[in-house]
Amino acid sequence: MFDPEAAWHAALYGPDGFFTRGEKPSAHFRTSVLVGPELAEALLVLLARVDAALGFPPVVDFVDVGAGGGELAFAVRRLAAGSLAARLRVTAVELGPPVELPGVRWTAEVPSCTGLLVGHEWLDAIPCPVVTGPSDDPWIARWWPLADGEQAEVGAPRDAAWAAAVSRVRGAALAVDYGHLVSSRRFTLTGYRAGRQVPPVFDGSCDITAHVALDACAEAAGGDRVLVSQRDALAALGLTGEVTGSGWEWLESVARAGRIAELRDPAGLGAFGWLLHGRGVAVADLLPELPPWRPIPASTADV
């Protein structure tokens, strides 16, 4: 009997899997990390707030889980300044072959850390069971009311992975991903290859992904937490995209404003969910009160 979860896992992480053999997400789809340095700048602001809330420990961690080619980890390392830079330890977590990047250490396991752990588009690549209704799966009963003949991705493996990662942090843990809520579930299993969305074939030739039930992940990890949009979170961290100056300064500010607009686009990257957990620090010390996250409606969102 065909097991979609096992096939999905083998296609991504088996001996000849998509990520195991060294494919990098940047070759197949565009993410916030690839837009420019602004996401790393915002995460450094968040990390500085975590650092202050922790009382400026002698070593402060930035952990990038599901790091791909290490672009985010390296940008954070490169842009860090002052006392934070002197105490900063950057770790990239990835199962595929590491990329040699100055100041970035690589590991295949999520480490214990003091600082900020970020899973940027990590949870969507964790394989999970696929079921067709009716289903007596307890996760489905709680999180995805399923009519006869409808398909669903069972998010329990993502919940467990996120709860385990959060448990290893003193500071804060942030998941950034596209997803849905119990009020808006839809089947989203799909593939990406060379910049195109393709059918999800389980032969290792493409990335296979599905939207994340971020509300279920939030409850699984528990504790002090918020779930807000990338659009609102980036503004709260200082990325608003004003155009200033004249001449070359004006041109650069226009380019920067364009990149920030892409990151905050409510119909695109800005609709990503930011699930932030505080571990020994108060989330209210890291972000102001923001509107709760609402995913793009199924009628307008890309899978």
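This section describes the sheets, one helix, the nonpolar cores and some individual residues of a predicted model.

The seven-stranded sheet comes first. It is open, and its strands follow the order β3-β2-β1-β4-β7-β14-β13. The pairing is mixed. Strands β3 (104–107) and β13 (224–229) form the edges. Each has a single partner strand, so one side of each lacks a neighbour in the sheet. Between neighbouring strands the average turn is 20°, with direction ignored. Helix α8 (residues 214–221) packs on this sheet. Its contacts are with β7 (169–177), β13 and β14 (273–279). The direction of α8 makes about 5° with that of β14.

Part of this sheet can be followed bridge by bridge. Strands of a sheet pair through backbone hydrogen bonds, in parallel or antiparallel fashion. Strand β1 (residues 60–65) runs parallel to β2 (residues 88–93), and six bridges join the two. V65 has V93 of β2 as its bridge partner. V63 stands opposite T91, also in β2. On to β3, strand β2 is joined by four bridges, and these two strands likewise run parallel. Here V90 is partnered by V104 of β3. Strand β2 is mostly covered, with five of its six residues buried.

A second open sheet has three strands. Their order is β10-β9-β11, and the pairing is antiparallel. Strands β10 (196–198) and β11 (207–209) are the edges, each pairing on one side only. Neighbouring strands in this sheet are turned by 35° against each other on average, direction ignored. Strand β9 (residues 190–193) and β11 run antiparallel and are joined by three bridges. The bridge partner of T190 in β11 is T209.

Helix α10 spans residues 247–263, 17 residues in total. From its first C-alpha to its last it reaches 25 Å, close to the 24 Å expected at 1.5 Å a residue. Its buried residues are S253, A257, I260 and L263. They cover an arc of only 110° around the axis, which places them on the same side of α10. An α-helix has 3.6 residues a turn, so residues three or four places apart point the same way. The partners of the buried residues of α10 are α2 (32–35), α3 (38–53) and α9 (230–236), against which they pack.

Nonpolar cores were also identified. The largest holds 48 residues. Within this core, L43, F62, L72, L174 and W274 touch the most other members. Helix α3 gives the most to this core, with eight residues. Another core, of 23 residues, lies apart from it. Its members include V63, I126, V166 and V212.

Two buried residues were examined through their contacts. G115 lies in strand β4 (residues 113–120). Its relative accessible area is 0%, so G115 counts as buried. Residues up to four places away in sequence aside, G115 touches L47, V50, L54, V60, D61, V169, R170, G171 and A172. G115 and A161 are 46 residues apart in sequence. Their C-alpha atoms are 19 Å apart in space. Q230 is found in helix α9. Q230 is also buried, at 0% relative accessibility. Beyond neighbours within four places in sequence, Q230 is in contact with S32, V176, L263, L269, G270, F272 and W274. One of these contacts, L263, is a buried residue of α10. Another, W274, is among the residues that touch the most other members of the largest nonpolar core.

Backbone exceptions were found in loops. Most residues other than glycine have a negative phi, and most peptide bonds are trans. F56 departs from this, with a positive phi of about 60° although it is not a glycine. F56 sits in the loop between α3 and β1. With a relative accessible area of 53%, F56 is exposed. E121 is not a glycine either, yet its phi is positive, at about 50°. E121 belongs to the loop between β4 and β5. Its relative accessible area is 12%, under the 20% limit, so E121 counts as buried. A cis peptide bond joins G133 and P134, with omega at about 5°. P134 lies in the loop between β5 (130–132) and α6 (138–143).

How values were computed:
Residues numbered from 1 in each chain as written. Predicted model: local features only at pLDDT ≥ 70, side-chain atom pairs only at ≥ 80, totals over all residues. Heavy atoms only, no water. Pairing = 2+ DSSP bridges. Axes fitted to C-alpha atoms, helices over the stretch in contact; angles between N-to-C directions. Contact = heavy atoms within 4.5 Å. Buried < 20%, exposed > 50% of the residue type's maximum accessible area, 1.4 Å probe, protein only. Expected span 1.5 Å × (residues − 1). Arc of directions from axis to C-beta. Core = buried A, V, L, I, M, F, W, Y, C linked by side-chain atoms within 4.5 Å.
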